[in-house]
Amino acid sequence: MEKAVYMDQSGKKYTKSQFFRYFEAKVMRTIRKYSMLEKGDKLVIAMSGGKDSVTIAHIINNIVSKRGEQLEALLIDEGIPGYRNTTIVDAKKFCKDEGIKLTIVSSKKEFKFGLTDALKKLDMNPCNICGTMRRYLLNKHSRKLKATKVVTGHNLDDEAQTILMNQYKGNAQLSAKLGPVTGITEHKKFIRRIKPLYFMTEKEVTVYTTLKGWKIKYTECPNARDSFRSTIRDQINSLENKYQGIKNGIINSFLEILPELKNSLKPKSKIVNCKKCDEPSARLICSMCELLEKYSKK
Ligand code: SF4
């Protein structure tokens, strides 16, 4: 008889095959509930080589092989030595094994500098620079790959952390862009992002990758330790240990108010094309071009 390998919060035990069935069925329910996939979609996985992106790449690859949508993967190399070069090796191996075409775009090639170079010149939070570069390159290059949707590996823990981070910073506008399908405004140059792992906890994703036997190195970005996200993650985890269900509570209450949030916080001005690079932007000059300008002036 197959032995139990996982026990959920309610004490229910799962064998390996039961856990795979539970996990994949829950992801499938999320995809259906939020109509994430449509006929004729060209999906691009935002690949990092970490556990979340390989998990969702594997599941989506299985789904599209039966349904016929196209799938590729895109990895953004922000230029973080000792971290990204390790995850690139894992991503290449994984995509080769799964038969998924992988494109790697490097910020050094695109902008002539990576995150480490930027930090030597700019007195800015590394995650803000990294996020600006990654969002910009992901959108631009997934469009070049003719993507209709970008699939990200965000899980329930990631989303709960982001909701609280925005709350603490008083940035409801950013929260309005969250949810299983992101964005508030439509623009033909913006590629919508979908998060099929939205209701899966980080622990469940870790168990899934371990049971699959994937040799993923759990490399952490050197900037993660001191980040605001890591403080919030520790807080939520310690609360969850004490009061079970906190993470689900954050997500479920957020989803109840999200439609109202999206409705009331729609940007007043239209999305325009950045005057410098022609990429979509909420302002005349996009955040990436502002960053490039700061960098070139230093
Ligand atoms: Fe980028 Fe910050 Fe994440 Fe490192 S921790 S990959 S700098 S967002």
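Is Cys286 buried or exposed? At 5% relative accessibility, Cys286 is buried. Keep in mind as we walk through the structure that this is a predicted model, so every value here is computed from its atoms.

Let's stay with the cysteines for a moment. The cysteine sulfur closest to that of Cys286 belongs to Cys289, at 3.7 Å. A disulfide needs the two sulfur atoms within 2.5 Å, so the pair is too far apart for a bond. As background, a disulfide is a covalent bond between the sulfur atoms of two cysteines. Across the structure the count of disulfides is 0. Another cysteine, Cys130, is also buried, with a relative accessible area of 9%, and Cys130 brings us to the ligand.

The shell around the ligand is made up of Ile80, Tyr83, Leu115, Cys127, Cys130, Arg134, Cys221, Asn223 and Ala224. If you sort these residues by class, you get 7 nonpolar, 1 polar and 1 charged. Helix α6, which spans residues 126–144, supplies the largest share of the shell, with 3 residues.

From the ligand we can move to the nonpolar interior. In soluble globular proteins, nonpolar side chains tend to be buried together. Here the largest nonpolar core has 37 residues, and the ones with the most contacts inside it are Phe19, Phe23, Val27, Ile45, Met47 and Ile60. The elements that contribute two or more residues to this core are α1 (16–33), β3 (42–47), α2 (51–67), β4 (70–77), α3 (84–98) and α9 (202–212). Of these, α2 gives the largest share, 7 residues. A second, separate core holds 30 residues, including Ile80, Val105, Phe113 and Cys221. You have already met two of those names, since Ile80 and Cys221 are among the residues around the ligand.

Phe19 is a good place to look at the larger core in detail. Setting aside neighbours within four places in sequence, Phe19 is in contact with Tyr6, Tyr14, Glu204, Val207, Tyr208 and Leu211.

Helix α2 also carries a polar residue worth a look, Asn61. At 15% relative accessibility, Asn61 counts as buried, because the limit for that class is under 20%. What does the side chain of Asn61 reach? Its partner is the backbone oxygen of Glu98, at 3.0 Å. Apart from neighbours within four places in sequence, the residues in contact with Asn61 are Leu71, Glu98 and Ile100.

Now for the loops, where the backbone has a couple of details to check. Most residues other than glycine have a negative phi. Lys146 has a positive value, near 65°. This lysine sits in the loop between α6 and β6 (149–151), and Lys146 is exposed, with a relative accessible area of 65%. Asp278 likewise has a positive phi, near 75°. Its place is the loop between β8 (272–273) and β9 (280–281), and at 40% relative accessibility Asp278 counts as partly exposed.

One more loop residue rounds off the walk. Lys215 lies between α9 and α10 (228–242) and is exposed, with a relative accessible area of 76%. How far apart are the C-alpha atoms of Lys215 and Leu239? They are separated by 31 Å, for two residues 24 places apart along the chain.

How values were computed: Residues numbered from 1 in each chain as written. Predicted model: local features only at pLDDT ≥ 70, side-chain atom pairs only at ≥ 80, totals over all residues. Heavy atoms only, no water. Buried < 20%, exposed > 50% of the residue type's maximum accessible area, 1.4 Å probe, protein only. Near = heavy atom within 4 Å. Helix = DSSP H or I, 4+ residues; strand = E, 2+ residues; numbered from the N terminus. Nonpolar A, V, L, I, M, F, W, Y, C, P; charged D, E, K, R; others polar. Core = buried A, V, L, I, M, F, W, Y, C linked by side-chain atoms within 4.5 Å. Contact = heavy atoms within 4.5 Å. Polar contact = N/O pair within 3.5 Å; in protein donor to acceptor, adjacent residues only side chain to side chain.
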